Protein chains: 2
Amino acid sequence: MDTSIESTIERIAKAARAAGRQVAKAGAAKRTAALLAIADAVGRRRDEVLAANAEDVAAAEASGLAPAMLDRLRLDAQRLAGVQRAVREIAALPDPVGQIVKEWVRPNGLKIGRRRIPLGVIAIIYESRPNVTTDAAALCVRAGNAVVLRGGSEAFRSNQALARCIEDGLIAGGLPREAVQLLPTTDREAMTALLQRDQEIDLVIPRGGEALIRFVAERSRIPVIKHYRGNCHVFVERTASESSGLEICYNAKVQRPGVCNAAETILIDEPIAKSFLPKLAERLQEAGVELRGDARARQLVPSMKPATDEDFATEFLDLICAIGVVDGLDEAIRHIERYGSSHTEAIVTRDPEAARRFVDEVDSSTVVVNASTRFADGGELGLGAEIGISTTRLHAYGPMGAEELTTTKFVVFGEGQTRS
Amino acid sequence: MDTSIESTIERIAKAARAAGRQVAKAGAAKRTAALLAIADAVGRRRDEVLAANAEDVAAAEASGLAPAMLDRLRLDAQRLAGVQRAVREIAALPDPVGQIVKEWVRPNGLKIGRRRIPLGVIAIIYESRPNVTTDAAALCVRAGNAVVLRGGSEAFRSNQALARCIEDGLIAGGLPREAVQLLPTTDREAMTALLQRDQEIDLVIPRGGEALIRFVAERSRIPVIKHYRGNCHVFVERTASESSGLEICYNAKVQRPGVCNAAETILIDEPIAKSFLPKLAERLQEAGVELRGDARARQLVPSMKPATDEDFATEFLDLICAIGVVDGLDEAIRHIERYGSSHTEAIVTRDPEAARRFVDEVDSSTVVVNASTRFADGGELGLGAEIGISTTRLHAYGPMGAEELTTTKFVVFGEGQTRS
């Protein structure tokens, strides 16, 4: 490894650690002021950001980046207004730092409290969308943390321009500029060096495809919160309202198929399959969804392709849907245990006991009764914003908002107590 | 790596995953019944456990194990009664599984809740004390988890005998016997294979010396909660009550010097050093404490040895104490930032503003005002029992009880809502 890269990364990590202490101490009002100033700076530097982005887009087009990726990369006046709005919304969130989560008194008179404190320093590693730069920075600062950002190489100029807006805002708000630092290179070497700084960085959140997440998880000495796959299920139970079942399945699959909380598999309870499945198939096929069914589903709707075992394990992120017919709740739960990714599953039912068992026994980070899987999202659940959706159970499970970027410490008030 | 060890470990890990689901579903009453039955089984198999332990002790003596380690290893009727009592206390703790941590309603009518669920499968890797076998198993089961135990080789026969008691109890309580599994070997190879099973195991907690913790952290693909060092400080601020300062320093240093929440460094505020420090030195020296002071402290108490920079960074775990004189709260906080281990620090003061600033600005997992550092303990803080004390910030920071062995999932109840 190039020692100059290592020493650059060391300097950045140490500066982040020191800045994190300042952000934590600064208090909610200063953090809010800095966030609002970041949003203002994005407005002020609009032309500069758009010009940098145009260069990124031109280079990406020349290198033949796929149209979907180009679309993620591209900023325009409207999207930049969205960037500002998102930062202002985060500025308006309740500041979690200092909240007393619990308090109690011990028999010896000690007053104990658990107080919310920032995690410290967070590294965010992401791909092509430049708005992650401001969203992630704002949410980390809201929760009192410093952050080191490493975006994708195709968005490097855009990210640098946004980082200048962030720096303006931090300084205007009286926070150290090192509270948010963008790595000065997108080399993998630099990222690997960053992942070794477990003395200064408390948490790494990779946001992107499975390859990126595995790359980070395999090299990191720092704890990583992973968001692997969203292989989400809807189970239409025998007592379901037919119209509700149709609406929820349609919304979960079709409304935005490319995102992690879209449904990939729909399971139909056997007693209603004969009447329900043909109607569902018709609605989905009209919307252009390719259906892949198990043997029982294909008996009822022969136009479906046969589903392989792998289809049931796949996150299509596309207008493709696996369909299975199951014999009741237990078989549905076993299917989800076997193929699911612990992200989000929904049941449609009018039987309170079936709802209760589904919620108790399904092991996913979000379990939904009679609503679309698409609500598994920080904003929709009321967290205000999200930095990602954890599919591992440690520290946070499911959508992560500002509170999930904090931890708690014990605070003990005595009057001279000693231990005997 | 020996493939037969790998396949044994794979079988154990998969059985733990399946058993964990059963323990989670079983409900609080069954978990309580199993825990009480474990305590009963320890009583019933008392002679067998003591005989196994006597063999361990004899082998350890023959191999020349240090007396302090031998003492940790040794069980007798009284200690075994303590083992039973500890398990019964854990059985009496509130069961955290299923608790609703928070509930709210969204503008679209969705009812959202965060519900406490078990972490899943926990691996505990520990050294010579056999009572960790029952304590750790009981606390994991209380929180609805399965656990894989890997104890020290010198306690292997004792741990096997205790594992038979646990198996009896699990079966009597109607839980699967694989809910608590002791590795059949203490080979490092087997431990290393275990640390690769990130598909089945959710968390590893190493309990022991720094070498063990580093070994585990460096090899684990599973998240590790580390408890490295307790380099705890007491700061006697200028407004402190003299008698309270003396009592707290004495208790923090002397009452049990070999544990992680004992004080290692005492900092004295300059304005009171001249009157306070000689009295403190006398009390500590009478108790056999070796004092190592900085230049200003040695001017006041010349009998102290000089303290090196390394002394201030050392967890002595012994009757040795580093002493420093500081110019006020800010210097004390900077000293703690520089040398501390984020475990526990205490201030003695009568100034509410000094107390407030110390609590706000000191970054340790437990911050104490006017009481001994020795209260940084799950039992003393009111958690009922503890599985360790985390000095890293992710998931849990400070003493970890049953609640810290759980996570939360989002539960969403709708009436047909879809996303637009």
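**Strand pairing and symmetry in a predicted two-chain model**

V411(A) stands opposite V367(B) in strand 13 of chain B. This is a predicted model, in which local features need pLDDT of at least 70, side-chain atom pairs count only at pLDDT 80 or more, and totals for chains, interfaces and linings use all residues. Residues are numbered from 1 along each chain as its sequence is written, with chains lettered from A and ligands numbered from 1 in the order in which they are written.

User: How many bridges join strand 16 of chain A to strand 13 of chain B?
Analyst: Strands (E, at least two residues) and helices (H or I, at least four) are DSSP runs numbered from the N terminus. Two strands pair if DSSP finds at least two bridges between them. Strand 16 of chain A covers residues 406–417 and runs parallel to strand 13 of chain B; the number of bridges is 5.

User: Which element gives the largest share of the side of chain B that touches chain A?
Analyst: Residues are in contact if their C-beta atoms, placed from the backbone, lie within 7 Å. The contact takes 49 residues from each of chain B and chain A. Elements of chain B that each supply at least two residues include helix 10 (242–254) and helix 15 (352–361). The largest share, 11 residues, comes from strand 16 of chain B.

User: What relation superposes chain B on chain A?
Analyst: The fit is by least squares on the C-alpha atoms of residues with pLDDT of at least 70 in both copies. A rotation of 180° with 0.0 Å of shift along its axis superposes chain B on chain A, with RMSD 0.0 Å. That is the relation of a two-fold axis.

User: Which residue of chain B has the C-alpha nearest the axis?
Analyst: The axis is that of the 180° rotation placing chain B on chain A. In chain B, the C-alpha nearest this axis lies 1.8 Å from it and belongs to H395(B).

User: How far apart are the C-alpha centres of domain 1 and domain 2 of chain A?
Analyst: The bounds come from an automatic or database domain assignment. Domain 1 of chain A spans 3–226 + 398–412, and domain 2 spans 232–380. In contact are 4 residues of domain 1 and 5 residues of domain 2. The C-alpha centres of the two domains lie apart by 35 Å.

User: What is the mean pLDDT of chain A?
Analyst: pLDDT is the predictor's confidence in each residue, from 0 to 100. In chain A, 100% of residues reach 70 or more, and the mean is 96.

Note on methods:
Two residues are in contact if their C-beta atoms, placed from the backbone, lie within 7 Å.
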